[in-house]
Amino acid sequence: MASANDTRQAPKDAADQNFDYMFKLLIIGNSSVGKTSFLFRYADDSFTSAFVSTVGIDFKVKTVYRNEKRVKLQIWDTAGQERYRTITTAYYRGAMGFLLMYDISNQESFSAVQDWATQIKTYSWDNAQVILVGNKCDLEDDRIVPTEDGKRLADELGFEFFEASAKDNINVKQVFERLVDIICEKMNESLDPSPGTTSNNHKNTALNETPTAQSNSCSC
């Protein structure tokens, strides 16, 4: 899996042109909510407790199979600090989906969700799909944001909701799989290829993925 700063794996995956669709996904939210750890857990199945603030933006590539279609995911990890906002919002255009993340033990990160949602609406295309993720649910003893508040806000914003933990690998894969499924569902509803979708074989065949029921609660 290649990141923007590590091209050693590029010939294997990032430069691989054998795919049916490519989806551009962004992980956004305040600094230190665990965006980078979440991406590394999904892409590399690795986790480190050391906090290193993302500078600007970085990405990884992962290929998944949905309904016998090979889908290449280009997943962008964005910096949460205000000083990088102009840089990161430039990447919103063309994104098929967003993981909007907050930290369940940090009220400020939860309070900022509405502002992040506004940015998505302002800078992305209208059909971009969003999942609200309450990360770090392994920190139950330090929880400040109740699960019910997260669900309520997600309902108000029209987003789906998961609580997850990159550290304990809870709902990480499920969140990404659900986001891909939602994008596929929206593709099926459209008669024309959606903006921001790249079909390597120039096919207009929609994906007929029917997602199985998944739990979005944290079992910490």
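**A tour from Ser105 to the second largest pocket**

Select Ser105: leaving out residues up to four places away in sequence, Ser105 touches Leu139, Asp142, Arg143 and Ile144 (contact means heavy atoms within 4.5 Å). This is a predicted model, in which local features need pLDDT of at least 70, side-chain atom pairs count only at pLDDT 80 or more, and totals for chains, interfaces and linings use all residues. Residues are numbered from 1 along each chain as its sequence is written, and side-chain values use heavy atoms, without hydrogens and water.

Ser105 sits in the loop between strand E4 (97-103) and helix H3 (107-111); helices (H or I, at least four residues) and strands (E, at least two) are DSSP runs numbered from the N terminus. Add Asp103, whose side chain makes a 2.7 Å polar contact with that of Ser105 (N or O atoms within 3.5 Å, one able to donate a hydrogen and the other to accept it; residues adjacent in sequence count only if both atoms are side-chain atoms). Then select Asp141: its C-alpha atom is 8.8 Å from that of Ser105, with their positions 36 residues apart along the chain.

Next, select Phe40 and Lys60. Lys60 lies over the face of Phe40, 4.4 Å from the ring centre, and Lys62 lies over the face of Tyr42 at 5.2 Å (NZ of Lys or CZ of Arg within 6 Å of the ring centre and within 35 degrees of the ring normal).

Keep Tyr42 and add Phe38 and Phe176; the three form one aromatic cluster (ring centres of Phe, Tyr or Trp, its six-membered ring, pair within 6.5 Å).

Note on methods
Phe/Tyr/Trp six-rings, centres within 6.5 Å; stacked < 30°, edge-to-face > 60°.
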